[in-house]
Amino acid sequence: MPATTDQRIDALLSLLAENSTIVISGATIAKEIGVTRQQVWRWIEKLRTLGVKVKGHPHTGYHIERTPDILAPQMLSHRLYGTPFARRIHHFFKIDSTNTVAMHMAEQGEPHGALVLAEEQTGGRGRAGRSWVSEKSAGIYCTILLRPAIPPAHAPLLTLVAGLAARDAAAEELDGAPDIRWPNDLLVGGKKFAGILTEMHAEPDRIHYAVVGIGINVNQARMPGELADIATSLKIQTKKAHSRFELLIRLLRHFDRYYNQFLSDGAQPIVRRFAEVSSYFRGKHVRITTATETFTGTTAGLETSGVLRVSRDDGRGTELVLSGDVAEAD
Ligand code: BTN
């Protein structure tokens with residue numbers, strides 16, 4: 001497995017960002033993070049290669065010109081205080097997939113609430129075996145490791161919880177609130193800008209762990225190739241850059257809120273909230289593609305397990321859709 005971002009780089013980044021209004025001496029930095037002044041210089045060089053603008057002032061020290069929008073664990077951890085996500089934040093500059101790494105860590109005993117974050121994914125995975133294009137530092141690529149004491153049949157609710165959290169977090173960045181296409185695609189202007197991939201290791205009566213992978217297109221200037229017709233980013237929509245750091249904090253705080261609500265009050269409030277914010281909940285004419293068939297019908301709400309009810313056009317009654325692709329039909 002690749003190494004996580006060096007904790008000293010993380011500490012250096014936090015120190016510079018927290019002192020962004022002053023010039024901080026190499027000696028002070030060296031003392032604070034426990035390295036030599038020569039090493040400080042080398043780490044600063046490393047940060048520069050990562051796109052962080054650090055100005056060196058002869059004889060006085062260093063000064064960060066702009067707080068970088070890097071998902072640095074130490075700074076995130078301060079802001080996530082009081083949530084289960086503050087303690088175990090694993091940040092990578094480049095990995096294949098945060099979900100794959102999170103599953104590997106789960107197998108090694110990593111606890112509930114651990115986060116895996118990447119600036120770039122080389123093998124980002126989407127639902128149904130598709131890939132998730134993960135341009136460097138443009139999007140949020142985040143996986144939450146959960147060890148929920150719920151039956152595996154309720155696992156689709158975790159995906160809804162994540163979808164609602166991402167929806168609420170993104171709504172604050174957009175003029176109009178995003179739509180959720182069941183189970184978890186976030187849409188704005190009819191195009192997708194976020195998706196969720198939940199994977200789990202379970203026995204019939206118990207979940208060992210679930211990993212909830214959330215991808216949000218934030219600052220992509222354009223979407224590549226044919227994706228441009230169906231996908232977008234917050235920047236493309238609003239014509240301005242957004243802070244991934246702030247968006248991620250809001251996402252995780254909303255996730256914590258919905259997840260606790262789900263654990264304490266069950267599925268009903270989650271399904272009710274989904275009904276409020278998703279145009280796909282009821283009365284939407286859709287084309288459903290499952291592993292075995294494609295059919296059209298009209299959505300008719302959710303079961304409390306999170307499964308979608310669809311009243312079929314072909315008169316064969318109401319179908320319960322556990323998983324599959326949903327598209328708006330004419
Ligand atoms: C989808 O809509 O198809 C789901 C996309 C999920 C993408 C995220 S990005 C972070 C996490 N790691 C992955 O490899 N996939 C998920």
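In this report, helices (H or I, at least four residues) and strands (E, at least two) are DSSP runs, numbered from the N terminus. Welcome to a predicted model, in which local features need pLDDT of at least 70 and side-chain atom pairs count only at pLDDT 80 or more, while totals for chains, interfaces and linings use all residues. Residues are numbered from 1 along each chain as its sequence is written, and side-chain values use heavy atoms, with hydrogens and water left out.

**A strand residue to begin with**

Val188 belongs to strand β7. A residue is called buried under 20% relative accessible area, exposed over 50%, and partly exposed in between (1.4 Å probe, protein chains only). Val188 counts as buried because its relative accessibility is 11%. Its C-alpha atom is separated by 7.8 Å from that of Gln237, although the two residues are 49 residues apart along the chain.

For another pair, look at His57 in strand β1 (residues 54-57). His57 has 25% relative accessibility, so it counts as partly exposed. From His57 to His208 the C-alpha atoms are 52 Å apart in space, with their positions 151 residues apart in sequence.

**Two helices**

The expected span of a helix is 1.5 Å times one less than its number of residues. Helix α6 (residues 156-171) has 16 residues and should therefore span 22 Å, which agrees with the 22 Å between its end C-alpha atoms. This helix is mostly covered, as 14 of its 16 residues are buried.

Helix α8 covers residues 244-265. Its 22 residues should span 32 Å, and the end C-alpha atoms are 31 Å apart, so the two values agree. After α8 comes Gly266, with a positive phi near 85°.

**Rings and charges**

Aromatic pairs are rings of Phe, Tyr and Trp (its six-membered ring) with centres within 6.5 Å; planes under 30 degrees apart count as stacked, over 60 as edge-to-face and the rest as tilted. The structure has three such pairs. One of them joins Phe255 and Tyr259, which are stacked at 5.9 Å centre to centre with 15° between the planes. Both residues lie in α8, four residues apart, or about one turn of the helix. An α-helix has 3.6 residues a turn, so residues three or four places apart point the same way. Phe255 and Tyr259 are both buried, and ring pairs link them with Phe85 into a cluster.

Charges also meet rings here. A charge sits over a ring if NZ of Lys or CZ of Arg is within 6 Å of the ring centre and within 35 degrees of the ring normal. The charged end of Arg257 is over the ring of Tyr258, 4.4 Å from its centre. Lys284 lies over the face of Tyr280, with 4.6 Å to the ring centre.

**Two pockets**

On a 1 Å grid over the protein atoms alone, a pocket is an open set of points where a 1.4 Å probe fits, with protein on both sides within 12 Å along at least five of seven lines; lining residues have an atom within 4 Å of a point. Grid points are joined across faces, edges and corners, and a volume is the space filled by probe spheres set on the points. For residue classes, Ala, Val, Leu, Ile, Met, Phe, Trp, Tyr, Cys and Pro count as nonpolar, Asp, Glu, Lys and Arg as charged, and the others, Gly among them, as polar.

| Pocket | Volume | Lining by class |
|---|---|---|
| Largest pocket | about 750 Å³ | 15 nonpolar, 14 polar and eight charged residues |
| Second largest pocket | about 540 Å³ | 13 nonpolar, nine polar and four charged residues |

The largest pocket has a volume of about 750 Å³. Its lining counts 37 residues, and the closest to its centre are Arg130, Ser131, Trp132, Asp185 and Lys192. Elements that each supply at least two lining residues include α5 (98-107), β5 (139-146) and β7 (185-188).

The second largest pocket holds about 540 Å³ of space. Of its 26 lining residues, Arg127, Pro156, Thr159, Leu322 and Ser323 are the closest to its centre. Strand β8 gives the largest share of this lining, five residues.

**Backbone details**

Most residues other than glycine have a negative phi, and most peptide bonds are trans. The bond from Trp182 to Pro183 is cis, with omega near 0°, and Pro183 lies in the loop between β6 (179-181) and β7. Ser137, in the loop between β4 (115-118) and β5, has a positive phi of about 55° although it is not a glycine. Lys239, in the loop between α7 (234-238) and α8, has a positive phi near 60°. Lys239 is exposed because its relative accessible area is 71%.
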